[in-house]
Amino acid sequence: MDDIMTFGDLKLISEISPLKDRIGSFEDKYGCNISAFEARLRKLPEDFELWDDFIEWKAYEDGLKDLESKLKKE
C-alpha cells in the first residue's frame, strides 16, 4: 500500500514541477506574481496578448493549487 501511495505522490510531484516552471517563467517575464500582474492588467488599456498570458498563468496557478491539495491528502 505504501508503494502505491509513494507512486501517487511521485506522479503528483512530477506534474507540479512543470507548472512551477511555467509560473516562474511568467513571474520572470513580468517581474511580479500573478496578483500584482492582475492588478496592473486591470489598469491598462485592453491588451489581448496580456490577457491571454493572464488566462494561461491563472490556469497554471489553479492547476498547481489543485495538485498541491491532492498531494497533502495523499
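## Confidence of the model

The pLDDT is the predictor's confidence in each residue, on a scale from 0 to 100. The structure discussed here is a predicted model, and its protein chain averages a pLDDT of 91, with 92% of the residues scoring at least 70. Where pLDDT is low, the predicted coordinates should not be read in detail.

Confidence can also be stated element by element: helix α1, which covers residues 2–30, has the lowest mean pLDDT among the elements of the chain, at 88, while helix α2, residues 34–43, has the highest, at 96.

## Salt bridges within the helices

The structure holds 5 salt bridges, and one from each of three helices is described here. In helix α1, glutamate 15 is paired with lysine 11, their closest N and O atoms being 2.5 Å apart. These two residues are 4 residues apart in helix α1, and therefore about one helical turn separates them. Glutamate 15 is partly exposed, with a relative accessible area of 30%, and lysine 11 is likewise counted as partly exposed, at 44% relative accessibility.

In helix α2, arginine 42 forms a salt bridge with glutamate 38, and the closest N and O atoms of this pair lie 2.8 Å apart. Here too the partners are 4 residues apart in the helix, so that arginine 42 and glutamate 38 are separated by about one helical turn. Arginine 42 counts as exposed, because its relative accessibility of 55% is over the 50% cut-off for that class. Glutamate 38, with a relative accessible area of 26%, is partly exposed.

Helix α3, which spans residues 48–73, contains the salt bridge between lysine 58 and aspartate 62, whose closest N and O atoms are 3.1 Å apart. With their positions 4 residues apart in helix α3, lysine 58 and aspartate 62 are again separated by about one helical turn. Both residues of this pair are partly exposed: lysine 58 has a relative accessibility of 34%, and aspartate 62 has a relative accessible area of 37%.

## A negatively charged surface patch

On the surface, Glu46, Asp47, Glu49, Asp52 and Glu56 gather in a patch of negative charge. One of these residues, glutamate 46, is found in the loop between α2 and α3. Glutamate 46 is exposed because its relative accessible area, 63%, is over the 50% that marks this class.

## Positions in the loop and across the fold

Cysteine 32 is found in the loop between α1 and α2. Although it belongs to a loop, cysteine 32 counts as buried, because its relative accessibility of 13% is under the 20% cut-off. The C-alpha atoms of cysteine 32 and leucine 44 are 16 Å apart in space, and the two residues are 12 residues apart in sequence.

Lysine 70 lies in helix α3 and is partly exposed, with a relative accessible area of 42%. Lysine 70 and leucine 12 are 58 residues apart along the chain, and their C-alpha atoms are separated by 7.8 Å. Leucine 12 falls within the residue range of helix α1, 2–30, and this pair of positions accordingly relates helix α1 to helix α3.

Terms used:
Residues are numbered from 1 along each chain as its sequence is written. This is a predicted model: local features need pLDDT of at least 70, side-chain atom pairs count only at pLDDT 80 or more; totals for chains, interfaces and linings use all residues. Side-chain values use heavy atoms; hydrogens and water are left out. Patches are made of residues with over 30% relative accessible area and no salt bridge: like charges are joined within 9 Å, nonpolar side chains (Val, Leu, Ile, Met, Phe, Trp, Tyr) within 5 Å. Accessible areas come from the Shrake-Rupley method with a 1.4 Å probe; for residues, only the protein chains shown count as cover. A salt bridge is a side-chain nitrogen of Lys or Arg within 4 Å of a carboxyl oxygen of Asp or Glu. Lys and Arg count as positive and Asp and Glu as negative; His and the chain ends are not counted. The place of a charge is taken as NZ of Lys, CZ of Arg, CG of Asp or CD of Glu. Buried means under 20% relative accessible area, exposed over 50%, partly exposed in between (1.4 Å probe, protein chains only).
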